[in-house]
Amino acid sequence: MAITKEDIERLADLARLNLTPEEIEKLTGDMETIINYSMNKLNELNTDDVLPMEHVLPISNVFREDICEKSFDREEILKNAPEKAEGCFLVPKVVE
Amino acid sequence: MKLTDLTASMAAEKIKKREISVIELTKAYLERIDELNGTIGAYITVCAEQALRQAESVQKKLDSGEDILPLAGIPAGLKDNICTKDVKTTCASKMLDNFLPPYDATVTKKLSESDVIVLGKLNMDEFAMGSSNENSWYMPVKNPLDHERVPGGSSGGAAAAVASHMSCFALGSDTGGSIRQPASFCGVVGLKPTYGAVSRFGLIAFASSLDQIGPITKDVVDCAMVMNIIAGHDPLDSTSVDINYPDYTTFLNNDVKGLRIGLPKEYFGSGLHEEVKEKILDAVKAYESYGAIIEEVSLPFTEYAIPAYYIISSAEASSNLARYDGIKYGYRAKEYSDIIDLYKKTRSEGFGTEVKRRIMLGTYALSSGYYDAYYKKALKVRRLIFEDFQKAYQKVDVILGPTSPATAFKLGEKTANPLEMYLGDIYTVSVNIAGLCAISLSCGFDSKGLPIGMQLIGKPFDEGTLIRAAYTYESNTGKSGVTNCGI
């Protein structure tokens, strides 16, 4: 299956990436090689009757009692923020 | 013999007998790092002051006659995707170059409660994506045995630090071979524990259903001792398994009589380098002479493991790495027009080439119209691979084969062709796909003097058998990796 530059541009938008023309060029080739190899290989197998396996363990959600516990200090969490103001994360305007 | 040549168990013994002090040992490692790190590039961050402070406090404990724990005072390094409170944790990415975690990972906490001295944070492939450690944003790591060659990856800094005695042991992480393959390339011991045996709380996620933290050590004894510290149930990790974990040192027995070892015929076919094959078969003969029973087994779905792995791991990565948006922590682009532009510029400037490639692959596999054909298909194949091992373990107790098809390759040799790089993971990825445990240990050298690693793969939560089998080999051959490397 052919991967086009348009495919790569659409995916980059979904993944929130800006790619340079050189990156698009290289990725188009790389992705086509990797995806064609992978899918040609996997499609050798008939898996109609096989159940997908997301996880090796029979895991289920872990609950705890709904009790307030001590959490992080606000300043402690904000200290990694690239921009902050008045105890909040600072972001560009998102609503007009 | 230098202090830094000692294994963790040997150094711990000397500390307890007061033959050496914790401060003296810590200083010896810091000096070694000063001397070698510029060339090898194993550490991203060295915590000299903190390490010395900790060393003094452990020595005080010892001097006051308090009982100390088995690895108290032993200096170790942590892969830089394991969170350390207020110590930079970068994942070797520009994205997290300034990230100071507000908390310790569970394994970090366990090490410090065991009075292990943390020397610093170890280099890796960016976000643990890579097999050569060339994808670090800071610098590539060099193989201590040959500086023109890679140390393997993604825990390349961890393996190189242990091999070059810049760290007495290290913790790495393994998503598709990232502990075992660098251990193999550097001639040290690396264990990938069973999925769920070691808490992932505070391990920066790459592919959550595959990631697992494990030890990289100088020998098998140290491996068992480190497992005693890090294994165990953790309520903070919902995938942590609540069972009784054994004392792994009780498996340090030089005895494999009657142990059934399976050789998967698919692991010895074309693609396996002749010299590697030879040394692995020598090890098989050795096991036979120790009384193990060798049987051929078949893992027919082996050839499908790489495509399934790269689809599943990239899909999970694209989802996990969506959190890097330049808002709460990490890098933020300097100029942007609106919020979407902020996200895009931040991510484009913050991530390296391989990380972008995996995010794109994962986005593709999960995008509407392709989800069933790609992602779901890979998950179905995952079950087939899982069942392959279940069948094999009806016949044998442990599976033996190579860790990697070849020994350490040259820097730059495989960077142009990502698929070729991925194919080198053929013997390691199945273990993560099936959630099993596996250990890599050195079983000799090729004609260039580069170490060859053999891999023992165990049933879920049967690390004990791996330790017993590996210890038996090591005791009888004296091939505990680094001690033979002469670095």
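## Interface, pockets and cavities of a predicted two-chain model

The lining of the largest cavity comprises four nonpolar, nine polar and two charged residues. The model described here is predicted. The largest cavity holds about 100 Å³ of space, and its lining numbers 15 residues, with Gly130(B), Ser131(B), Ser178(B), Tyr309(B) and Asp425(B) nearest the centre. Over the whole structure, a search returns four cavities of 30 Å³ or more.

The second largest cavity encloses about 80 Å³. Chain A contributes Ile34(A), Ile35(A), Ser38(A) and Met39(A) to its lining, and chain B contributes Tyr310(B), Ile311(B), Ser314(B), Leu361(B), Tyr364(B), Ala365(B) and Tyr374(B). The elements supplying two or more of these residues are α2 of chain A and, in chain B, α9 (305–320) and α11 (353–366). With four residues, α2(A) gives the most to this lining. By class, the lining has nine nonpolar, two polar and no charged residues.

The contact between the chains involves 54 residues from chain A and 66 residues from chain B. Together the two chains bury about 5500 Å², of which 69% is on carbon and sulfur atoms. Within the area that chain A buries against chain B, Arg16(A), Met53(A) and Asn80(A) account for 13%, more than any other three residues.

Seven salt bridges are found across the interface of chain A and chain B. Arg357(B) forms a salt bridge with Asp30(A), in which the closest N and O atoms are 2.7 Å apart. Across the interface, 22 residue pairs are in polar contact, both residues being at pLDDT 80 or more. On the side of chain A that touches chain B, α1 (5–14), α2 (21–42) and α3 (74–78) each provide at least two residues. The greatest contribution to that side comes from α2(A), with 13 residues. By class, the side of chain A that touches chain B has 34 nonpolar, seven polar and 13 charged residues.

Two pockets are summarised below.

| Pocket | Volume | Lining by class |
|---|---|---|
| Largest pocket | about 440 Å³ | 15 nonpolar, four polar and five charged residues |
| Second largest pocket | about 320 Å³ | five nonpolar, two polar and six charged residues |

The largest pocket is lined by 24 residues, and those nearest its centre are Cys83(B), Tyr103(B), Ile204(B), Arg323(B) and Tyr329(B). The second largest pocket has 13 lining residues, the closest to its centre being Tyr103(B), Asp104(B), Lys109(B), Phe201(B) and Leu236(B). Tyr103(B) is thus listed near the centre of the largest pocket and also near that of the second largest pocket.

Definitions and conventions:
Residues numbered from 1 in each chain as written. Chains lettered and ligands numbered in written order. Predicted model: local features only at pLDDT ≥ 70, side-chain atom pairs only at ≥ 80, totals over all residues. Heavy atoms only, no water. Contact = heavy atoms within 4.5 Å. Buried area = accessible area lost by both parts, 1.4 Å probe. Salt bridge = Lys/Arg side-chain N within 4 Å of Asp/Glu carboxyl O. Polar contact = N/O pair within 3.5 Å; in protein donor to acceptor, adjacent residues only side chain to side chain. Nonpolar A, V, L, I, M, F, W, Y, C, P; charged D, E, K, R; others polar. 1 Å grid on protein atoms, 1.4 Å probe; cavity = no way out; pocket = protein on both sides within 12 Å on 5 of 7 lines; lining within 4 Å. Points joined across faces, edges and corners; volume = space filled by probe spheres on them.
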